[in-house]
Amino acid sequence: MHTATVQSSLDSRHAPGHWVLARLGKRVLRPGGLEATSLLLERLSISNNDRVVEFAPGLGITARRIIDSHPASYTGVERDEEVARKLRVNLGSESIRFVNACAQESGLEAGRADVVLGEAMLTMQPVETKRKIIAEAARLLRPAGRYGIHEIALVPEDISAEIRQEIRAGMSKVIHHGVTAQTVGEWEGLLAECGFKDIHVKLVPFRLLEPTRLIADEGICGAVRFAMNMVRMSEARERVLTMRRTFRRFAPHLTAIVATCTKG
Ligand SMILES: C[S@@+](CC[C@H](N)C(=O)[O-])C[C@H]1O[C@@H](n2cnc3c(N)ncnc32)[C@H](O)[C@@H]1O
């Protein structure tokens, strides 16, 4: 299904947090940074026989890493029309495709993928849409195909309903997009519900806007560029500072999760 979402072009007062960060020069828009991405790719161990589908490639940082490992084919499924177009222009080729569609209705053929993955795209969906996206991953995979996610998880497992609601409301407010993080057990449950097994989980600190993580993810030059843009762009700066304050306030209950599993 073709979608015409272009959230990436909204102004910095209204755009979802990840596009504000991108506007300031941030490339890595995910909770566990490149550290978690490396873990995810290591676990999925993509080879040049693999047909890979990535949900929500965004600015294509992980897409580039996968493409550099020369998979048999790569298909990115991106909801944002403009983002999908840019990916097509920058990275597209005969075996490298980017489709503008919602992951839950990708329109791709069933059972034709060996690996499906997605980073920082399920947490921003309501639970029912999470379920549909994970079920779509299962539909695209051949039997015993591999699926991997990198998202935000709530800790501890018995977190109170009050704190969970406070986090959901607080994060959604500052990110200007729904944020529905799950506990580790709930993520595992969603995957198992959709027929996945051998679920392997690794937690990585959620330090997205912390200076050391910024340097680790963007490099020194990227971090300096980000900082200089923060000085120049006041609306975006206010958004980032508000997001960071909120992430720090909820830090005891937030972690990044990398989960990999196999289609049953
Ligand atoms: C936080 S960014 C993450 C981008 C990239 N995966 C990364 O980790 O840097 C979220 C991305 O998900 C895309 N997106 C959100 N919901 C989607 C859906 N249902 N189907 C496909 N793409 C979606 C957005 O357009 C955006 O590119």
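**Ligand contacts in a predicted model**

**Exercise 1.** Determine which atom of the ligand lies 3.4 Å from a backbone N or O atom of Leu29, and identify the backbone polar contacts (N or O pairs within 3.5 Å) of Ala56 and Glu119.

*Solution.* The model is predicted, with local features requiring pLDDT of at least 70 and side-chain atom pairs pLDDT 80 or more, whereas totals for chains, interfaces and linings use all residues. Numbering runs from 1 along each chain as its sequence is written, and side-chain values use heavy atoms, without hydrogens or water.

Step 1. The partner of Leu29 is an oxygen atom of the ligand.

Step 2. For Ala56, a backbone N or O atom lies 2.7 Å from a ligand nitrogen atom.

Step 3. A polar backbone atom of Glu119 is 2.9 Å from a nitrogen atom of the ligand.

Step 4. The ligand alone exposes 590 Å² (Shrake-Rupley, 1.4 Å probe), of which the protein buries 98%.

**Exercise 2.** State which residues around the ligand come nearest.

*Solution.* The surroundings comprise 20 residues (a heavy atom within 4 Å). Arg30, Ala56, Glu78, Ala103 and Glu119 come nearest.

How values were computed
Polar contact = N/O pair within 3.5 Å; in protein donor to acceptor, adjacent residues only side chain to side chain.
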